[in-house]
Amino acid sequence: DEEYERVAKRINEVFETGEAEMEAEIVTKQGQKIPYYLTGKLFEQSGEMYLVGVGHDISEQVESREKLRKSEELFRNLFLKAPASIVMVDPDNKVQSVNKSFEKLFGYSQKEIMGQDIDEVLVPSDEYQDAPKMSENYVLADFKKETKRLTKQGDLLDVFVAGIPVY
């Protein structure tokens with residue numbers, strides 16, 4: 001069995017390097033597979049070398065990691081595939097990510113707008129002072145506003161801007 005071979009290799013690693021650790025599925029007598037975190041350490045006693053090993057059931061951690069992975073994948077897909085133009089900025093208003101709808105609407109690729117202040121790029125100069133800003137402690141209340149924004153080509157678009165802080 002492949003899992004058995006992986007564990008055997010790690011046991012050999014303990015004898016070669018003095019210690020090893022890994023995650024592996026342990027199969028019970030009933031055939032149930034349970035994820036374990038295994039550690040092994042080599043020690044000497046009375047001139048003999050011994051391996052001490054400890055295993056911890058990590059079923060809850062593995063389940064939590066899978067739930068987190070699915071949640072992150074869902075968020076990523078919602079963000080990337082949303083029909084609305086979405087931009088994520090950091091507390092300094094610098095672009096961290098944009099979705100495809102943003103790229104299509106404004107003409108900027110993620111690569112060329114990444115790290116730039118979103119307001120300096122999109123907000124017309126006569127509206128710049130009215131653009132919502134983060135406060136000193138980086139808190140921004142939800143806001144919604146009809147306004148105008150500039151495309152890469154310099155066209156002025158009527159848009160509905162909404163900001164939602166994500167912590």
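I will go through three places in this structure, which is a predicted model: a hairpin, the aromatic pairs, and a buried arginine.

Let me start with the hairpin, where strand S1, residues 19–27, and strand S2, residues 33–45, pair in the antiparallel sense over nine bridges. Five residues separate the two strands, and within that turn Gly-31 has a positive phi of about 90°. To give one position in the pairing, Glu-19 stands opposite Lys-41 in S2.

Now to the aromatic rings, of which the structure holds three pairs. One of these is formed by Phe-43 and Tyr-50, which are stacked at 5.6 Å centre to centre, with 25° between the planes. Phe-43 is partly exposed, having a relative accessible area of 34%, and Tyr-50 is also partly exposed, with a value of 38%. Another pair, Phe-102 with Phe-106, is tilted, with 4.9 Å from centre to centre and 40° between the planes. Both of these residues lie in helix H3, residues 100–106, and are four residues apart, about one turn of the helix; both are buried.

Phe-106 also brings me to the arginine, since Phe-106 is among the residues that Arg-149 touches, together with others including Leu-122, Pro-124, Asp-155 and Val-161. Arg-149 lies in strand S6, residues 143–150. Which side chain of opposite charge is nearest to Arg-149? It is Glu-127, at 4.0 Å, and Arg-149, although buried, has no salt bridge. What the side chain of Arg-149 does make is a polar contact with the side chain of Thr-147, at 3.3 Å.

Technical notes
Residues numbered from 1 in each chain as written. Predicted model: local features only at pLDDT ≥ 70, side-chain atom pairs only at ≥ 80, totals over all residues. Heavy atoms only, no water. Buried < 20%, exposed > 50% of the residue type's maximum accessible area, 1.4 Å probe, protein only. Lys, Arg positive; Asp, Glu negative; His and termini not counted. Polar contact = N/O pair within 3.5 Å; in protein donor to acceptor, adjacent residues only side chain to side chain. Contact = heavy atoms within 4.5 Å. Pairing = 2+ DSSP bridges. Phe/Tyr/Trp six-rings, centres within 6.5 Å; stacked < 30°, edge-to-face > 60°. Lists of a residue's contacts leave out its neighbours within four places in sequence.
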